[in-house]
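Thanks for sharing this one with me. Here are a few notes to read alongside the model, in the order in which I would go through them.

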Amino acid sequence: MDLIIFHSPIICELNSSSIAYTWADEDELRYLNSENNENQVSGRNSCTNLVEAFYPLYLGDSIEFTPRRHSGSMTRLVENINDSRWRYTDLNNDGRYNFVIANQRTDSINVFLGFDYTKFQNQETYSVENITGPYDVVVHDFNQEDCVDIAVVFSKTDNLVILLGKGDDSFVVSMSYHTGENTVPSMITVNDGNNDRQKHIIVVNCGTNTISVFLSHGNGIFDPMILSSTGADSVPYFEAIADVDNDGIIDAVSTNSGSNTTGILLGHNNGSLTLLTTYPTGDSSAPTAVVVNDLNNDGFLDFFVCNFDTSNIGIFLGNGNASFSTQVTYSTCYRGCPIWIAINDFNNDSKSDIAVSIFNNDYMSVFLGYGNGSVGNAVQYSAGDGTFLFVAAGDFNNDKPNGREAFGGMNKYKTGGGSDPHSIAISDLNNNGWMDGVVANYRTDSLGILYGSRNGILNNMVTYSTGINAGPYSLGVSDFNNHSRPDITVTNSLANTIAIFLADQNGTFVLTSTYSAGDRSIPYTVAVTDLNNDHKSDIIVTNSGTSNILVLYGNGNDTFTNETPYPLGYGYLPYSLAVNDLNQDGWMDGYGDCML
């Protein structure tokens, strides 16, 4: 199970194989998701109104990740977003992911289509006259024409709007449905509630304490809504859809922040819902998110809620007949307001675990399940103090981790006073079967190598000078002369050079050559790969000072020729770089971050 972090002050809808949690301007954690789709996740930065995509980075067995931008070309385009929700999916069946935003500030729907696996086209904007306040959005093929369509709820004018896909990457506003005066629709889901093989739309109306069901005919047209009450003054915030009474018909569980309850609504063959009962979540609890899952492996569905104002989660164990046990609560953290919840088996022990995002601090709480309906105390995960510049991972103790164990703790290794390490690379540098680490020490102009040992402990650092005032910044490891031993390359950002350290048979290194990156180039990140498919390692460097990408083609004998700069344009200031075959044509491509 992967964990993804991204910065965002809003509630986002994700497709992800992972948990995700967010930071806002005041360290507010907002959204947490755990699904079984293997897609990337995106978040939106409120300060810059930019969309950023992040990928999971697997750091051992305790499921910890760091955010990483997708590409500089993606962090653009979106402006004036405020309190918006969106969906991320493949809208046009081209195998590339797109996203749809319900943009409240501009009262419009923004559609971004992906192309060449790395960029998104400029947005297409759709709006409806006299209909404002788009709040939540879902995507589905509502008219069965093999084109993805869009459904949006508008909270200000109380509308449900359907945009049908035309098959040419565009959409047309098809139908608008009124959800009722002052309903304030706040959430929309899609499900086949009555088993007629059509996907119907279910809307939560927090303004009138109701849930609306719009039955589909499979042609993009929906019947007038069927209203179901969630209870007087309930103020429903969220709903989860599941068959809680095992009759084969989908039911709903709502969180009612106004009445501090959860409601069980039974589904019927005609698509309607009837409130069966409510369960208290505690005085002044203000429940937010709810999820449904079988926590105790008895074959009956249970549900779990985030109690925002009482800093806990509530577990209700199901009996299989739409009745549930009294809530059992578990504290998330002191004065922490849980807002979103996810269920999955995070440690691969075949028992459901719970993860919760906390709104008002920089923590996430994880509860490991015991398989009997109870969970352990919350384990807190924090962003911590300091600035993390780089991270790498390897199997240091050769235990071949299988995801069934947590980290056994942390060992700290000194890199020297004032060394200011900027990057680290992991490899078996001396070919003894144990992973080693090499660090670029920016302030002390050195490489530091920490050789690994049998018990997973790293030995004291051995240093190699990179030259006076070199400013080593980024590292790459590869076999540059085909002697079956890893060599090292480092960018010297102060000296504007790229240095090559070749490995000896005993695992030591010798500085053999340097290559100029260009006057005032300020080389930052280095990547090593075979760009031209000649089975020889090439070097790619981002030159921030001269706004270009420099490629040194390897000869296979620890020398490099055909130094080729690729200009990016004035002021791009490239910072980081990654390489992969992005368009699957058999040739390696490069992509990076630029500080525009």
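1. Let me begin with a histidine. The side chains of His483 and Asn481 are joined by a polar contact of 2.8 Å. A second partner is Asp487, whose side chain makes a polar contact with the side chain of His483 at 3.0 Å. Please keep in mind throughout that this is a predicted model.

2. Where does His483 lie? You will find His483 in the loop between strand 35 (472-478) and strand 36 (487-492). Is His483 buried or exposed? His483 counts as buried, because its relative accessibility is 18% and the cut-off for buried is under 20%.

3. Next, the charged pair. Side chains of opposite charge can pair when their charged atoms come close. Here Arg443 and Asp420 do so through their side chains, in a salt bridge with an N to O distance of 3.4 Å. The two residues are 23 apart, and the pair links distant parts of the chain. Arg443 belongs to the loop between strand 32 (436-441) and strand 33 (446-450), while Asp420 belongs to the loop between strand 30 (379-382) and strand 31 (421-427). By the rule applied, the count of salt bridges comes to 1.

4. A word on how the two partners sit. Arg443 has a relative accessibility of 56% and therefore counts as exposed, the cut-off being over 50%. Asp420, at 29%, counts as partly exposed.

5. Another loop to look at is the one between strand 22 (273-280) and strand 23 (287-293), where Ser284 lies. Which residues is Ser284 in contact with, leaving aside its neighbours within four places in sequence? They are Asn260, Asp309 and Thr310. For Asn260, the separation along the chain is 24 residues, and the C-alpha atoms of Ser284 and Asn260 are 6.4 Å apart.

6. Now the protein as a whole. It has 44 strands and 0 helices. Of its 596 residues, 55% count as buried, and His483 counts as buried too. Taking contacts between residues at least 6 apart in sequence, 42% join residues at least 24 apart.

7. Finally, the surface. The accessible surface of the protein comes to about 25,200 Å². Carbon and sulfur atoms account for 47% of that area. When you look over the surface, Arg443 is one exposed residue to pick out.

Terms used
Residues numbered from 1 in each chain as written. Predicted model: local features only at pLDDT ≥ 70, side-chain atom pairs only at ≥ 80, totals over all residues. Heavy atoms only, no water. Salt bridge = Lys/Arg side-chain N within 4 Å of Asp/Glu carboxyl O. Helix = DSSP H or I, 4+ residues; strand = E, 2+ residues; numbered from the N terminus. Buried < 20%, exposed > 50% of the residue type's maximum accessible area, 1.4 Å probe, protein only. Contact = heavy atoms within 4.5 Å. Areas by Shrake-Rupley, 256 points an atom, 1.4 Å probe, with all protein chains shown as cover. Polar contact = N/O pair within 3.5 Å; in protein donor to acceptor, adjacent residues only side chain to side chain.
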